[in-house]
Amino acid sequence: FSPELLRSESAIQAVKKAKKSGMEIQEVTAAVFESFSVKDGPQGLAAIGRQKWHELHEIQDNQTGLWLALYQIADPGNLGTLLRSLDGMGGMGLILLDNCTDPYDPASMRASMGAILSKKMVRTSTPEFAAWLKLHSLPVIGTSDAATDGYRNISYPKNMVLLMGSDREGLPNDLMEVCDKVVSI
C-alpha cells in the first residue's frame, strides 16, 4: 500500500485490519506504487494472491450445478464478463478448453468484479473434457449463431454445462457433437 495514495476510509481500515491480523504488508511510496499499477490514478491499495486451479477429475457428482465451459475464448474482458454472469446465476465454475485467455489477466479480473475469487477454475483439453462428460452424464447446451432454437425457447436442467465457443469462430464440430442441444444467443 501507499499511504500517500490512500484516499478512502475503507481502504485505510483494510490496511489497519490486515496489519492487526498479521498479514504481510509492504508500504511503498506513491512513485513505486504507480510504477506497477495498471491503472491511471491508482488508489494506493493492492494485493498479491495465488491463482487457484482445479483439475477436471476433481469435479465430483456432488459438485454439479451450472458449469460454464469456454472453448478458446480470446478476449479477457469477455471472459471476466462471462464469469460475472456465471456468478450471478449461481454457477459452480468455469472450464477453459484448449487455448483460452488468462482469467487472471487484469482486464478479466476487473470485468469479473470478484467472481473469479468464488468460482472453481479448471483448464483442460477438448478430448479430456469430452471423456469427462461421458463419465458424468451431464447435459450439455451449446451455443451457435446457426442454431434454430433461441436460448429462451428451451428448458434448462439444474445440473448442466453451458458450452460456448471462441469469440470469432464459435464451437468446432467435435464440440458440437458433445452437445445435447444447441441454442442461439
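P127, K134 and L135 are the exposed residues on one side of helix α5, where exposed means over 50% relative accessible area, buried under 20%, and partly exposed in between (1.4 Å probe, protein chains only). This is a predicted model, in which local features need pLDDT of at least 70 and side-chain atom pairs count only at pLDDT 80 or more, while totals for chains, interfaces and linings use all residues. Residues are numbered from 1 along each chain as its sequence is written, and side-chain values use heavy atoms, with hydrogens and water left out.

Now flip α5 over. In this helix, residues 126-136, the buried ones are T126, F129, W132, L133 and H136. They sit on the same side of α5 because they cover an arc of only 120 degrees around the axis (the arc is that of the directions from the helix axis to the C-beta atoms). Why does that kind of pattern come up? An α-helix has 3.6 residues a turn, so residues three or four places apart point the same way.

What do the buried residues of α5 pack against? Their partners are β1 (66-71), β2 (93-97), β3 (120-124), β4 (140-143), β6 (160-164) and α6 (173-176). Helices here are DSSP runs of H or I with at least four residues, strands are runs of E with at least two, and both are numbered from the N terminus.

Helix α3 (residues 76-88) gets a quick length check: at 1.5 Å a residue, its 13 residues should span 18 Å, and the end C-alpha atoms are indeed 18 Å apart. (The expected span is 1.5 Å times one less than the number of residues.) Buried in α3 are P76, L79, G80, L83 and L86. Seen down the axis, these fall within an arc of 120 degrees, so they line one face of α3.

Both helices have a cap at the N-terminal end:

| Helix | Cap | Side-chain oxygen to backbone nitrogen |
|---|---|---|
| α5 | S125 | E128, 3.3 Å |
| α3 | D75 | G77, 2.9 Å |

Last stop, the inside. A nonpolar core is a set of buried Ala, Val, Leu, Ile, Met, Phe, Trp, Tyr and Cys residues joined through side-chain atoms within 4.5 Å. The largest has 19 residues, and L68, L70, L94 and L162 have the most contacts inside it. Elements giving two or more residues to this core are β1, α3, β2 and β6. A second, separate core of 18 residues includes Y71, L97, L138 and V140.

Notes:
Contact means heavy atoms within 4.5 Å. A polar contact is a pair of N or O atoms within 3.5 Å; within protein, one must be able to donate a hydrogen and the other to accept it, and residues adjacent in sequence count only if both atoms are side-chain atoms.
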